[in-house]
Every structure is written in C-alpha cells, then in structure tokens.
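The following note is offered to a colleague beginning the study of protein architecture. Please read each point with the structure in view.

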Amino acid sequence: MMKKEMIAMLLAGGQGSRLGVLTQKVAKPAVAFGGKYRIIDFPLSNCINSGIDTVGVLTQYQPLRLNTHIGIGIPWDLDRNEGGVTVLPPYEKSTNSEWYTGTANAIFQNLDYMQQYNPDYVLILSGDHIYKMDYEVMLNYHKANKADVTIACMPVPIEEASRFGIMVTDETGRVAEFEEKPEKPSSNLASMGIYIFSWPVLKEALIALKDQSNCDFGKHILPYCKDKGQRLFAYEYNGYWKDVGTLGSYWEANMELIDIIPEFNLYEEFWKIYTKGDIIPPQYIAGDAVTDQCLIGEGAEIYGEVHHSVIGPNVVIGRGTVVRDSIIMRNSQIGEDTVLDKAIVAEDVVIGNKVTLGFGEEAANVLKPAVYAFGLATVGERSVIPDNVQIGRNTAISGVTTAEDYPGGILESGQVIKAKDGEQA
Amino acid sequence: MRAIGIILAGGNNSRMRELSDKRAIAAMPVAGSYRSIDFALSNMANSHIQKVAVLTQYNARSLNEHLSSSKWWDFGRKQGGMFVFTPTITKDNSLWYQGTADAIYQNIDFLKQSHEPYVVIASGDCIYRMDYNKVLEYHIAKRADITVVCTTCEDQTEVERFGVVRMNDDGRIVEFEEKPIVSSYNTISTGIYVVRRRQLIELLERAALEGRHDFVNDILIRYKNLKRIYGYRTDAYWSNISTVEAYYRTNMDFLRPDIRNYFFRQEPSIKTKIDDLPPAKYNPEAVVKNSLVSSGSIINGTVENSVLFKEVYVGNNCVIRNSVILNNVYIGDNTRIENCIVESRDTIRANSCYCGEDGIKIVVEKNERYAL
C-alpha cells in the first residue's frame, strides 16, 4: 500500500442525543444542513480541499443514512485506487468483541486500518461541526513546532469557556494545562475536537491505554501524552466554526447562512463544500409565492410564503402557508394555509392543511427541558401531522400522529408526542 | 437490453442565431438544470441501453465538458459504456462527417463490433421522455426494417422544420417529405429510429458506396418502397429546440405544472452532470413569481415568468420578465431584462435595459465581472 503522509479519522458514530427527534433515526453527522448538505459534508470537503485523500469514517449509531450518503466517496472525489474513504463500523474479533466505547477506543479498534497506510500523521476529526479549515496549514504548524500532538483551538467568550475543554498555553503555543469544562476558566482557548497526532505517539498512547474504559481523547489520551512530557501545541483557529450539537445552535447556524453576506459563505468558488447531489431539477416559485430572505434547495415547489428560512430539496409548501424562521429538510410536504413559526421539520415529513406549528408562549419541555428549548417546535423524520391542529413551542413530535393525539386539536407548549412509525414509502 | 444507442449531437442550426456560436445544440442548457443531450442520454440509460455512442462535430467543447464522465448517466460500466466520436482522419478518409448517415458510417466499426441485434438512433436536440423498449417491441411486432418515431406537430407553420410522414392503416410509412415548404399533413418524424444492426450496416455501406450521406433522404426516403419502414406514433411531450423560438418556448413550457411533474417528479428521472452548487439564496428585497430558479443563484431583485439557470446573480432593483437567463450570469443593479435569452457567462452592467420588442432578443454581453 502506498504510504500516506497524513490520513484522517472521522468520528461519526455518535447519536447526538441533544438534537432530540432529529437524530432518532440517523446519526448526527447525517443530519441535513443548509438546504442541501449533511453535517459530515463539511469535514469531508475540508479533507479533500486540504489534500487528504484517505479518510476512515467511524460509524456506530444508526449508520444507514450515513453509509448511503458516503457510498464510495464519489461526491468528495474520495473514490481512489489507493486510500479514499472507508467506512469503519465496529466489528467482531476473535477475542473480545465490543462496540466503540469512546472516541479513542474507536480509533484504537482501527489500528490496522491506519497501519496499512503507514502515515506520518493522523488527523482526528469529528463529524458534527460546521466550518471550513485547511488542515494542511495546521499540519505545517505541527511540523514547525516539532509537536507530538496539535490541538485546534478557538478563542471563545470567557463567560462561555466553562462549556468547553480549555487549553492554557505558554507564549510559544505549547499547552501547559487543560481544564475540562472548568468553573473558573483561566484561558478562553477552547478545544475544537480536532487533533493532529504524530503516528508513533498516537499508536503508543492507544496501546498503553487500551484497557481504559470509555477511552476518550480529551479525558485520557491528551492527559496521558502531556504527563509523559510530550509536546502538545494549541493551534489557534479564528475562522467560522460552529458546533451544531444542540437544537438551538443547529437552528442558529442554519439561520446565519441567510444573512445578506453570511460569515460562513457557501457561494465562494474557493473551498467548495461537496455533497451527494441526487436531486437535480430547479426549484419552482409560484405566482403568488413570497420568498423573502431564504435558502431553497433543488426541486422545491413554493406556493406559499417563506420568510427567513432554510428549505431543503424537493420540499413542497402549499398555497396560503406561511413559513417563518424555520428549517424544513428534504422531501417534506407542507399543506395549505398552515403556519410554521420557529420550527425544525426533518426529512420526509407530511404536515396537513391549516396546521399551526409554533404558537403561544414558551413552556419548559416536560420530557427533556434541556433538549427541546429555544422556543423551537421540532418534528422528527417521516412524521405525519394531521389537518387543523395547533402545536406550541418547545415541543417535539415523531411518528404518524392523528387527530386523536391532539386533544382539542392542540398540543400545548412543552409537550411531546411519540407516535408509531408509519409504513415507509 | 437488445440494442445499442447512437446519439447524433453534431448539429448546428443558423436559426439558433448567436446561441450556437459557442456550442452544439445538444449542449444547450435546458430547463434550469439540464443540457439538451441529457434527455436522450437518460432515456437510453433508463431503457437499459448500456452502450451508447455520441457523434459530435460542430463546436463540441461545451458538449465534451458536459460528457467528461459517463458516471452521471450510469454508463461507466465494465460492459458497455459511453463513447464520444468526433471526426478523425483515417487511412481511407480525411473528411468531416458529411451527413447523418456518413457520421454513423465513419464509425461503422462501433456497429460491427457490437453484438446487440438492434440500434436506437436519437438526436441530442430533443426534449422528451421515452422508453425505447416500447418502440423496439413495436418494431419487432411489425417486422419492420426501420421504425421511425412520429408525433403530431401542433403548429402547422413549424412543419417545415421536420420530416413529414404519412402512414397507411398498418402504420407503414407511404410518404415521407423532408422539410417541405408547405404540407397538408402534420405527422412528423422525431428523428428517433430503431433498426436492426446488420440492416443498418448494410444500408450505410451501400449509401457510402453511392456517395450518399444523409440518413433521411438517402435511406428513409430512398428505400421507403423497398424496405418496411414503419411509423411509431407517440403523443407524449416532445420538443425540438433547434430554433431560438422553439428553444425559448421549450424552457417556458417548464413553468407549466403538468410539464414539471412529467419531467421532474416521475421515475426514472432525467440525469445530468452534478455541479456542487449551494442552494439558491433569496435576499430581503427578492420578489420571484412563477419562475424556475436553479442552484447557486443569488436573487436581490424581481423575477417574473422566467427561467434562471445555475449561478445567476440578480442585483438590487432588477426586473427580469419573460426571460431565460443561462448559466453563470451576473446582472448588475437596476437592470431591466424582458423577453430575452441571456447567454451564459454574461456580465450585464448595472442600469442597463434589454427588451425583446418583436420576438426574443439574445443578449451576449462579455463585460468585466464586478468583484462581488
């Protein structure tokens, strides 16, 4: 096998439970984003744009959509004779068979995959961030510092620093200390979960900690490397980077794309984001439709009003319907005279006529107040919502619901309906 | 499938005016996201034809770029594949393709080296969906030598662009007039033919020997009393785009819901080359009515009854009406465009006005592109 200077390992096995019903049937990296893409398109496109043509994608939770999307990597030019993209699910072994129990454990279980390319460096990525980054620049930084490990970091407002893993560095950028979600952070450099390891260092650490339960990069591997006196450097990144791990941040990141000149610009020729574009026809905007500040994907048909929203491919929005501050993912059908206000509608959803999604005052969610917050009404994929119902805020709906699920035709703010799945079309 | 495919994509037509200056008609962008040849190619793929030859001649740069990979139509297989044949100089021949029959004749090895019993011949400048298997079944049932797919030309003034046929009750073609100035019939040939491969080889070789080069005049019309030439009638949507008016009308047809559903929402779908463009973006002042908009476009102004292709930028306070804007066009602020076809890669200056007064105006404007 041809030697590769740097290969990437992309962690895409997590559920992303804070996205609630959006990740009930798909892994977080496969969730749609920005009217066309899926979250994993960003790290995959970054890889190929940075000249990395060998990427292992580690999957575990609900991988069907992800596998279908990645295929043999054609959209990202990752269909290669040597290297390319390889999907790496957990597998049975002759001695101990286990799931991936932690981020580092997942990488450890694929030592053979990495070894066959005999790389000098391994890039560890996660599949749940929206950003454009040239990993080659980071690698050059790693080499210039003769580093063993380089951790991509970005400055965050100090009051938010306690949500992150924080790096305390000396003046050369070398990491002197980490603080994992500190109460009183002594720096504002937050780890982005992107690491470059020199291969021998990574291999040694993974083998040394192979019996560590739930072995994790942040909690175990980095402290181990630091305690051994290895050279850990923080690579400061100042571009756009967004963790879309919560419904609120997911919604916000989508909404930022429709600013007149968005900070994260998808329209630049340089550093294109690639995706599996399987829907081809143009979109149709009808005679009495309104399209006011929005992104609309291929094949969509808009007969109603769309204000400040992100609409995915093949979505149909009926006459008299008003969509505001919402995200609708591909193939969903919205009936006539319906109102969507601050809603997230996943793929293949059918919403009836004269429905109101998002009304009234907010109330804390009864089931998961931390997940279903931000005033959003969230609808899981392949759900059905009948005609003439009203749905409040901080709500979640999944499955095929009927009028009986809505006493008095209303789902109050903060409520949840989990109905049975319908037959898949 | 029991057939191989041949797509004639070499043609040009002066009635395309400036639009054919830089490309063959088969490479014309159609319906926002497609190129004309996608329809014939997708029909072939969807009819399970695995081996297709595309014959090109007139300015094929744009077409070749579009056909750079066969994977979009799923032809990149170990069995079969897509072959693009441009005229070449050989030991025996140093001429361009002198006609449709000659174009195929010059690539007769492709026919001889295939083993499929039938050949489907189509042209790259027609917009339609068709399962060629149905034509082939008819061809076999009629024990025909050649089957010509025919349709009804609704507009009698358009008949002169086509071959006009008259069939007997059995469907056999008894009269065939190529591009008559006037005709009392309105059944026309669509330029789609099914013929047995060995029969085609024989006919082409004989025509070549006699110095005859045109498939319609020198084969269909010349042999119509000798060979069993049948017409297969279709009533489905079919449009030839090889005049500016027909091209404009065909694009506008896609604003009709029945046409959109027929082409965009039915399986098997029409395939094309994928461009990796972001979704279309509508900024706060955008007003779009009854229009098709393609990916990569950014709209700030007003667009009505128009078809916008990929990567069109419409500036502030622009008004675009009843127009077709081809790929990658930048339209500066305060510009008015009505009844126009705007050529691809154009840059339209701010504060300009283009209106087609009587008929469609073709706008070709190569200005410096403003930095966005």
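1. The model is predicted. Chain A is divided into two domains: domain 1 covers residues 6–256, and domain 2 covers residues 284–418. Taken over C-alpha atoms, the centres of domain 1 and domain 2 of chain A lie 33 Å apart.

2. The interface between these domains deserves attention. In chain A, 22 residues of domain 1 are in contact with 30 residues of domain 2. The size of an interface is often given as the accessible area lost when the parts come together. Between domain 1 and domain 2 of chain A, the buried area is about 2,100 Å², and carbon and sulfur atoms give 64% of that area.

3. Which chains contribute strands to the open sheet of 11 strands? Both chain A and chain B do, in the order 27(A)-24(A)-21(A)-18(A)-16(A)-14(A)-16(B)-19(B)-22(B)-25(B)-28(B), and the pairing is mixed. At the edges stand strand 27 (384–385) of chain A and strand 28 (361–363) of chain B, each of which pairs on one side only.

4. Within this sheet, strand 14 (residues 283–285) of chain A pairs with strand 16 (residues 301–302) of chain A in the parallel sense, over two bridges. Ile285(A) is found opposite Ile302(A) of strand 16 of chain A. Helix 8 (residues 244–253) of chain B packs on the sheet, where it touches strand 19 (307–308), strand 22 (324–325), strand 25 (340–342) and strand 28 of chain B. The direction of helix 8 of chain B makes about 90 degrees with that of strand 25 of chain B.

5. Chain B also has an open sheet of five strands, in the order 15-18-21-24-27, with parallel pairing. Strand 15 (287–289) and strand 27 (353–355) of chain B each have a single partner strand, so one side of each is left without a neighbour in the sheet. On average, neighbouring strands of this sheet are turned by 5 degrees against each other, direction ignored.

6. Strand 15 of chain B runs parallel to strand 18 (residues 302–304) of chain B, and three bridges join them. Here Val287(B) stands opposite Thr302(B) in strand 18 of chain B.

7. Helix 6 (residues 197–209) of chain B permits a simple check of length. Because its 13 residues are counted at 1.5 Å a residue, the expected span is 18 Å, and the 18 Å between its end C-alpha atoms agrees. The buried residues of helix 6 of chain B include Leu200(B), Ile201(B), Leu203(B) and Leu204(B), as well as Arg197(B). After helix 6 of chain B comes Gly211(B), with a positive phi near 70 degrees.

Notes:
Residues are numbered from 1 along each chain as its sequence is written. Chains are lettered from A and ligands numbered from 1 in the order in which they are written. This is a predicted model: local features need pLDDT of at least 70, side-chain atom pairs count only at pLDDT 80 or more; totals for chains, interfaces and linings use all residues. Side-chain values use heavy atoms; hydrogens and water are left out. Helices (H or I, at least four residues) and strands (E, at least two) are DSSP runs, numbered from the N terminus. The expected span of a helix is 1.5 Å times one less than its number of residues. Buried means under 20% relative accessible area, exposed over 50%, partly exposed in between (1.4 Å probe, protein chains only). Two strands pair if DSSP finds at least two bridges between them. Axes are lines fitted to C-alpha atoms, for helices over the stretch in contact, and angles run from 0 to 180 degrees between N-to-C directions. Contact means heavy atoms within 4.5 Å. Domain bounds come from an automatic or database domain assignment. Buried area is the accessible area (1.4 Å probe) that two parts lose on being put together, summed over both.
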